[in-house]
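Grab a pencil and work through these exercises with the model open beside you. Try each task before you read its solution.

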Amino acid sequence: MGLFGRKKEEKSAQGKSEQKTEQQPAEKQPQESQKEMKVYIRGAGGTIVTKSILDGTSKLKWLFRQDGGLGNGWVAFGDRDSQEYVNDANNMAIVDFNTLADIEPTVVNVFYMPMGSDLEFRCDKTGKYFVDTRTGKEIREPVKHPAQIAFEKNLKFLNQDTYQPAFFRNLFTDSSKIKVVQAGEADFPTGEVVLADPIAYLGSQYETVLDRKIPAGSYPVELSVCLSRIAGLRIAAARLPISPKEAVRYVIAMPKGKEPEDLGQPGVFTFFGVDTGLACIADGKVSQENRLFFEKWEKENPGKNKYTDYFAALFQESFRANPEFQNQDGSFLEWRLPGSGLRTVLFSSGMGDGVYSGYWGLDAEGEIACLVALFMNPEYF
C-alpha cells in the first residue's frame with residue numbers, strides 16, 4: 001500500500017484490512033459532529049482514515065483503495081503514522097469521504113480512481129498532487145467519473161455513416177448486459193417515418209422525416225436495454241422490425257429529399273435532436289395529429305407542462321405495468337392519441353439529450369428489414 005515506501009504482500013495486506021473491518025469503531029469524530037460538513041461529492045460513502053489525520057497530529061500521506069473494503073474502499077494514512085500505529089484498529093475511524101476532503105481537498109481529484117489504486121500525496125513548490133506508487137505517474141488534474149469517460153467515448157462513436165451488422169445484431173441479442181424488451185406497437189397508416197423528440201419536436205419543423213417509406217401497417221417497437229454498472233439502466237437503441245428477413249447491411253437514414261451522396265454537404269443533417277431525454281419513431285400522420293392535439297391541450301391548460309402535467313402519469317402507469325426493465329419514472333410508453341387511437345411508442349434516449357441518427361437495415365435484396373435509432377454503445381458502459 002505504499003506505506004514507508006515499501007509494498008506489503010497481498011495476503012498480509014488483506015489480513016490487515018480484515019482486522020480493521022472487524023474491529024473498526026464506527027462512531028463519528030468530533031470534527032464531524034461539531035460543524036456542518038461541506039459536500040464535495042454527493043453520496044461519496046464512508047472512508048477509513050487514521051485518527052491522527054482527523055485530529056491534526058499528522059497530515060495526509062498515503063491513500064489507497066481496497067477492493068471489497070468498507071464503504072467506498074478508500075483508506076488514508078498520515079505522514080507520522082507508524083506501522084505499529086496503523087496496525088491498531090483503535091487508531092482508525094470511518095468517516096464520510098467529504099470529511100477527509102474538508103481536511104485535504106486535493107483528494108477530490110482522485111475519488112473516481114479504480115479499486116487497487118495506491119497513491120502518495122505530495123505538496124511542494126509545484127503544488128499539491130498525488131503520485132501513483134506503482135507507475136510513478138503524477139496526478140494533478142481531477143480524474144473523471146467512469147460514466148463521464150464512457151459518455152465522451154460514446155459521443156465520438158455516434159452518428160457514423162454506417163456500422164457493421166454484427167454490432168446491431170449484438171445490440172438486440174439478450175446477454176448479461178443487454179435485455180431486449182418489447183415496448184409496444186406503433187401504427188404507420190401512411191408509412192412515412194419520423195424520428196423526433198416526442199415532447200419537444202414531434203409535429204414541428206425540427207422533427208426528421210426520413211427519405212424512405214415503409215409499408216403501411218403496425219409494427220412492434222423493440223428496445224435494447226443496457227444494464228450498465230456505471231450508468232444504470234439505459235436504452236441503448238430502439239428497433240422497428242419491418243420484415244422477417246435479416247439485415248445484412250446498414251445505411252444511415254437520410255432526411256426526406258436527400259440522398260446518401262449529399263452527406264457532408266452544408267446544411268445536410270442526418271440526425272434528430274433530443275432535448276427532453278425522450279425519443280420516438282412515428283408515422284407522419286401521427287406526428288401531425290400529435291401537433292394538433294397538443295395545440296388544443298396547451299390552450300386548455302395554460303402554463304402547464306406537457307411532460308409533468310400530461311405524460312408523467314402515463315409513464316408511471318407503464319412502469320407499474322412493466323417494472324422489470326424500466327427506471328422508476330418510466331423508461332418507455334405505448335401512447336394512444338386521443339381521438340384516433342393511433343399508437344406510438346415513446347422511450348428514453350440513452351444517456352439523455354443529444355443528437356442521434358437512424359439506420360436502415362437492408363436485407364440481401366436491398367429491401368428494408370428494419371429501422372434502428374442508436375443512442376449508445378454498451379461496450380463503453
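Before you start, here is how handedness is judged: a crossing is left-handed if the near helix is turned anticlockwise from the far one by less than a right angle, and right-handed if clockwise. Helices (H or I, at least four residues) and strands (E, at least two) are DSSP runs, numbered from the N terminus. This is a predicted model, where local features need pLDDT of at least 70 and side-chain atom pairs count only at pLDDT 80 or more, while totals for chains, interfaces and linings use all residues. Residues are numbered from 1 along each chain as its sequence is written, and side-chain values use heavy atoms, with hydrogens and water left out.

**Exercise 1. Describe how helix 8 and helix 9 meet.**

Step 1: find the two helices. Helix 8 covers residues 284-300 and helix 9 covers residues 306-321; their axes lie 12 Å apart and make an angle of about 120°. (Axes are lines fitted to C-alpha atoms, for helices over the stretch in contact, and angles run from 0 to 180 degrees between N-to-C directions.)

Step 2: pick the hand. Helix 8 passes helix 9 in a right-handed crossing.

Step 3: list who touches whom, with contact meaning heavy atoms within 4.5 Å. From helix 8 come F293, F294, W297 and E298, and they meet K306, D309, Y310 and F311 of helix 9.

Step 4: sort these residues. You should get 5 nonpolar, no polar and 3 charged. (Ala, Val, Leu, Ile, Met, Phe, Trp, Tyr, Cys and Pro count as nonpolar, Asp, Glu, Lys and Arg as charged, and the others, Gly among them, as polar.)

**Exercise 2. Work out how the rings of F294, Y310 and F311 are arranged.**

Step 1: get the rule straight. Rings of Phe, Tyr and Trp (its six-membered ring) pair if their centres lie within 6.5 Å; planes under 30 degrees apart count as stacked, over 60 as edge-to-face and the rest as tilted. By this rule there are 30 aromatic pairs.

Step 2: take F294 and Y310. Their ring centres are 5.4 Å apart and the planes stand at 85°, so this pair is edge-to-face. Since F294 sits in helix 8 and Y310 in helix 9, the pair ties together parts that are 16 residues apart in sequence.

Step 3: check burial (buried means under 20% relative accessible area, exposed over 50%, partly exposed in between, with a 1.4 Å probe and protein chains only). F294 has 3% relative accessibility, so it counts as buried. Y310, at 17%, counts as buried too.

Step 4: move on to Y310 and F311. With centres 5.0 Å apart and planes at 85°, these rings are also edge-to-face. F311 is buried, just like Y310.

**Exercise 3. Lay out the open sheet of 5 strands and place the helices on it.**

Step 1: write down the order. It is 10-9-15-17-16, with antiparallel pairing. (Two strands pair if DSSP finds at least two bridges between them.)

Step 2: name the edges. Strand 10 (208-213) and strand 16 (332-336) each pair on one side only.

Step 3: zoom in on one pair. Strand 15 (residues 278-283) and strand 17 (residues 343-348) run antiparallel and are joined by 3 bridges. Here L278 stands opposite S348 in strand 17.

Step 4: add the helices. Helix 8 packs on the sheet, touching strand 9 (192-196), strand 15, strand 16 and strand 17. Helix 9 packs there as well, against strand 15, strand 16 and strand 17, and its direction makes about 110° with that of strand 16.
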